[in-house]
Amino acid sequence: MARKSNNTSTFESTRRRKSLGEDEVFSAEDQARFEAMRSEDFDEGPVDDGPPTGDRWSTWDDSEALQRGPKPWPEWIITDLGAVDYELGVLKTGKEADVFLIERAVPDTDRAVLMASKRYRSAEHTQFNRAGDYTAGRTARRSRDRRAMEKRTKFGLEQAAGRWAATEFDALKRLYVAGVAVPYPVQILGTEVIMEFIGTGRTAAPRLAETRPDEAELESLWEQACENLRLMAEQGFAHGDLSSYNTVVHEGRLVVLDLPQIVDIYANPKGLEFLTRDVENLGGWFTARGVDRQEVDDLRVELMALAGLR
Ligand SMILES: Nc1ncnc2c1ncn2[C@@H]1O[C@H](COP(=O)(O)OP(=O)(O)OP(=O)(O)O)[C@@H](O)[C@H]1O
Ligand SMILES: [Mg+2]
């Protein structure tokens, strides 16, 4: 797209110069080439291959088998080639990613599903500005080097964002299959992870931190927290950033979110520390509301045993 508009402006300036009477600037051959470019690329106006409704065609078909959620696919998944995606707005902007609400729908039918789309940012702006400060005032030659470096840096940052996304998607798949309460991972494409939307209507479920459960609800949520942690430990994983902010409660069900930093407790030398921290962070929220401290200690010991660490 960007290249096309550059070409357009080249062409425009050619025409402008012509109209200033500088015909000799371009040979007849050049002129013919420009004209040919114009008729091919520009006469139709900007190329628009977007869908008649919606903000983009469904990206389902762009993901390959391993980039799609585990089978059996839930019945609500929309795989139609003619489906379109609507952008419904931002659910939350975060440090490395923004989470959007999207709807995937099949035009002219009543089939539609809401999903959460987590898009990792490459953080290029902050990094670029810093690079810019270091290299300000250098010579043209240096600045050419710098441009090359920036290009590579940008590439690297894109890669990093893509890797966070891929790690989160794989973690979601693996944990979903193991029975951990996580959103169903629908698909990944580059830096975008699309997953089940946990919420009511278009409203996202509240985070655990925002809920005020009564005694019975608290007991149930604590049991679910323990069970989810057990299942993760059995798989050899710690969440790595578990807290009342990365868990939501939907109709009494505790759902674990935000998994790009998932920790392999065997491969990571600090695996045990991460596991302990997860238990402390989430357990702390529960003990502050009445759960017995001893239960948190017991859980930690149990998880170590499950993971074969003690
Ligand atoms: N699948 C989902 N369904 C509903 N809401 C979601 C979903 N995924 C994320 N959210 C909402 O977006 C918020 C941020 O998601 P997440 O924690 O995965 O991203 P993040 O970039 O790590 O954010 P932060 O930096 O705040 O931790 C969640 O707390 C939740 O409110
Ligand atoms: Mg988070």
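Where does E251 lie? In this predicted model, E251 is placed in the loop between β10 (247-250) and β11. The residue has a positive phi of about 50° although it is not a glycine. With a relative accessibility of 69%, E251 counts as exposed, because exposed begins over 50%.

**Overall make-up**

The chain holds 7 helices and 12 strands. Of its 310 residues, 38% are buried. Among contacts between residues at least 6 apart in sequence, 65% join residues at least 24 apart.

**Backbone geometry**

D258 also has a backbone angle to note: its phi is near 65°, a positive value in a residue other than glycine. D258 sits in the loop between β11 and β12 (263-264). Its relative accessible area is 22%, so D258 is partly exposed, the class that starts where buried (under 20%) ends.

The peptide bond from K71 to P72 is cis, with omega near 0°. P72 belongs to the loop between β1 (56-57) and β2.

The backbone features are set out below.

| Site | Backbone value | Location |
|---|---|---|
| K71 to P72 | cis, omega near 0° | P72 in the loop between β1 (56-57) and β2 |
| E251 | phi of about 50° | loop between β10 (247-250) and β11 |
| D258 | phi near 65° | loop between β11 and β12 (263-264) |

**The largest pocket**

The largest pocket has a volume of about 860 Å³. It is lined by 32 residues, of which K92, V99, N246, L257 and D258 are the closest to its centre. The elements that give two or more residues to this lining are β2, β3 (97-105), β4 (112-120), α4 (140-178) and β6 (192-196). By class, the lining divides into 17 nonpolar, 4 polar and 11 charged residues.

Why does the largest pocket count as lying between domain 1 (56-200) and domain 2 (206-306)? Both domains give residues to its lining, so the pocket lies between them.

**The largest cavity**

The count of cavities of 30 Å³ or more comes to 1, and the largest cavity has a volume of about 30 Å³. Its lining is made up of A225, N228, L229, M232, L242, T247, L254, V256 and L282. Two elements, α5 (215-234) and β11 (253-256), give two or more residues to that lining. The largest share, 4 residues, comes from α5. By class, the lining of the cavity has 7 nonpolar, 2 polar and no charged residues.

**V256 and Q224**

V256, one of the residues that line the largest cavity, lies in strand β11. Its relative accessible area is 2%, which means that V256 is buried, as the limit for that class is under 20%. Leaving out residues up to four places away in sequence, V256 touches A181, V182, P183, N228, M232, H239, L242, N246 and T247. Among these contacts, L242 is 14 residues from V256 along the chain, and the two C-alpha atoms are separated by 8.1 Å. N228, M232, L242 and T247, each touched by V256, are also among the residues that line the cavity.

Q224 is placed in helix α5. Its side chain reaches the backbone oxygen of G252 at 2.9 Å. Apart from neighbours within four places in sequence, Q224 is in contact with G252, R253 and L254. One of these, L254, is in the lining of the largest cavity.

**Y86 in strand β2**

Which residues does Y86 touch, not counting those up to four places away in sequence? They are T53, G54, D55, L101, I102, E103 and A105. Y86 is found in strand β2 (residues 84-93), one of the elements that give two or more residues to the lining of the largest pocket. Y86 and D55 are 31 residues apart in sequence, yet their C-alpha atoms are 5.1 Å apart in space. The side chain of Y86 also makes a polar contact with the side chain of T53, at 3.4 Å. The relative accessible area of Y86 is 27%, so this residue is partly exposed, between the 20% and 50% limits.

Terms used. Residues numbered from 1 in each chain as written. Chains lettered and ligands numbered in written order. Predicted model: local features only at pLDDT ≥ 70, side-chain atom pairs only at ≥ 80, totals over all residues. Heavy atoms only, no water. Buried < 20%, exposed > 50% of the residue type's maximum accessible area, 1.4 Å probe, protein only. Contact = heavy atoms within 4.5 Å. Polar contact = N/O pair within 3.5 Å; in protein donor to acceptor, adjacent residues only side chain to side chain. 1 Å grid on protein atoms, 1.4 Å probe; cavity = no way out; pocket = protein on both sides within 12 Å on 5 of 7 lines; lining within 4 Å. Points joined across faces, edges and corners; volume = space filled by probe spheres on them. Nonpolar A, V, L, I, M, F, W, Y, C, P; charged D, E, K, R; others polar. Domains from an automatic or database assignment.
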